[in-house]
Amino acid sequence: MRVSDVIQFIDVSFRFPDEEKVILDHLSFSVKAGEKVVITGPSGSGKTTLLYLCNRLYPENCDGVMNGSLKLFDKESSKYAPGEVNHKIATVFQDPDAQFCMMTVEEELAFTLENLNIPREEMDGKIAAVLELTGLTDFRNAVIQQLSGGEKQRIATACALIMEPEVLLLDEPISHLDPYTGKKFISWLDELQQERALTVVAIEHRLDLWDGFFDREIVLESTNRVNELMTRESSIQGSQSLYVEAVHNDSFLKPVSFHLQKGEVAVLAGPNGSGKSTLLKALCQLIPAKGTVTPDRLGYVPQSPEFLFITKSVRDEIAFGGGTEVETLLERLYLQNVAEAHPFAVSHGQKRRVAIGAMLADGREIILMDEPTSGQDAASLSELYELIDERARQGTTFLIVTHDMEFASAIADSVLLMDEGQLTGKFNAESVWASEDLLTAHHLLKPKGGTPREVCFA
């Protein structure tokens, strides 16, 4: 018996209103029921746009112009009433904060069921079932905005699954998960897919943790250039002190004290919910904290970089602090083609690079980055490595939260490990990769290693 196509693109082109450049150009492919398909390609190549066409967020919600034929379950996408197809196609967005409306996990799940017109007497059972399925029962009454990025991603997935969809669209679902939790998520997703014959379409930049999960790869092409990488041969010596004693909610974050050398690149790693992002916010005094951070010129790139944006174009955003390398940074961060675009209108990976460019242009002495590799293609990772390496040589100090151990192994001089709100130690990077006990205790996987170029282009 022929397996039916659930998604079918036939010569589809798409562009945003008032823009001549197309995002997708004469694209044709199909996805069959039960398939597991991954979409890859450079940052800004249109992967998220493609996903938004599949769930009908585009073109109506952005007044975009689409040509060609897009069929969902053998029916033209334009023939569906607003919200109709979302009973069958559920989406987990790259930034989970973008899809939450309520305060607690239970309220968010109930809100989803209300939109599906589920009778109130059936809601409790459905909520309990999906929380048990996703291992989130203990989070039922949790306040969403007090959870870590990885925990939010799991909650967002539960909200999608409670709709009992036939197709699950995932926009970089493990980008905020530590490697251990990421592997567990993939294993769980694999079991769920087999149990429910679920069709999975996911965007991913790095496939190393997926271990052959996907049946097929769709590559969106781009003409982005690629730069060589070089290992760091030296660092500028000199003492810089980072110290904080922070009180956050019920004193989750324990007193933390550590020192970084001038020009040192340190990676902050540990399980989801261990306090990494909280520590960065405390260092920036974005949450109640006491202590000292020296020096004062400290820059911060959060997981949701759009919270930083205050201008109307990418170029103005990078130039806002008065830096003199705006055009160079636009080129090196692959942002020239979106330089005049509103920073809220570019892809998630591009938003991160805009925020990174703004911090680099400002000449900050210390730069804190929360998951800067999320949403970045190989070429962007390569250039990000180069920029961090160059600035470190010039004396800029970096503290980087990342679950990407391949990138960490290429860039880190030292690794700070956290667990349950406590800094468990600062280590030479090589000693961490060599210690199975440290890796296991902090939900990390040993990086494959290799040269920085090999790591970033794996």
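**Entry 1: a helix over the sheet**

I began with helix 6 (residues 276-283), which lies across strand 12 (265-269), strand 14, strand 15, strand 16 and strand 17 (414-419). I noted that helix 6 runs at about 150° to strand 15. Next I turned to helix 10 (residues 378-394), which also packs on the sheet and touches strand 12, strand 15 and strand 16. The direction of helix 10 makes about 145° with that of strand 16. A reminder to myself: this is a predicted model.

**Entry 2: the sheet itself**

In what order do the six strands of the sheet come? I read it as 14-15-16-12-17-18, an open sheet with mixed pairing. Strand 14 (298-301) and strand 18 (422-428) are at the edges, and each has a single partner strand, so one side of each is left without a neighbour in the sheet. From one strand to the next, the twist averages 15°.

I then looked at one pair in detail. Strand 15 (residues 366-370) and strand 16 (residues 397-401) run parallel and are joined by five bridges. Within this pair, I found Leu368 opposite Leu399 of strand 16.

**Entry 3: Thr396**

I stopped at Thr396, in the loop between helix 10 and strand 16. Is Thr396 buried or exposed? Its relative accessibility is 11%, and buried means under 20%, so Thr396 counts as buried. Setting aside neighbours within four places in sequence, I listed its contacts as Gly263, Glu264, Arg364, Glu365, Ile367 and Arg391.

**Entry 4: the cores**

Which residues touch the most other members of the largest nonpolar core? I found Ile318 and Ile388, in a core of 46 residues. Helix 9 (residues 348-361) gives the most to this core, with seven residues. A second core, of 40 residues, lies apart from it; Leu109, Ala142, Ala158 and Leu189 are among its members.

I went back to Ile318 for its contacts. Not counting residues up to four places away in sequence, Ile318 touches Val326, Leu329, Leu330, Leu335, Val354, Gly357, Ala358 and Ala361. I kept a general point beside this: in soluble globular proteins, nonpolar side chains tend to be buried together.

**Entry 5: Val85**

My last stop was Val85, in the loop between strand 5 (75-76) and strand 6 (89-92). With a relative accessible area of 2%, Val85 is buried. Leaving out residues up to four places away in sequence, Val85 touches Asn55, Arg56, Leu72 and Tyr80. I also checked Val85 against Pro165: they are 80 residues apart in sequence, and 9.7 Å separates them in space, C-alpha to C-alpha.

Technical notes. Residues are numbered from 1 along each chain as its sequence is written. This is a predicted model: local features need pLDDT of at least 70, side-chain atom pairs count only at pLDDT 80 or more; totals for chains, interfaces and linings use all residues. Side-chain values use heavy atoms; hydrogens and water are left out. A nonpolar core is a set of buried Ala, Val, Leu, Ile, Met, Phe, Trp, Tyr and Cys residues joined through side-chain atoms within 4.5 Å. Buried means under 20% relative accessible area, exposed over 50%, partly exposed in between (1.4 Å probe, protein chains only). Helices (H or I, at least four residues) and strands (E, at least two) are DSSP runs, numbered from the N terminus. Contact means heavy atoms within 4.5 Å. Two strands pair if DSSP finds at least two bridges between them. Axes are lines fitted to C-alpha atoms, for helices over the stretch in contact, and angles run from 0 to 180 degrees between N-to-C directions.
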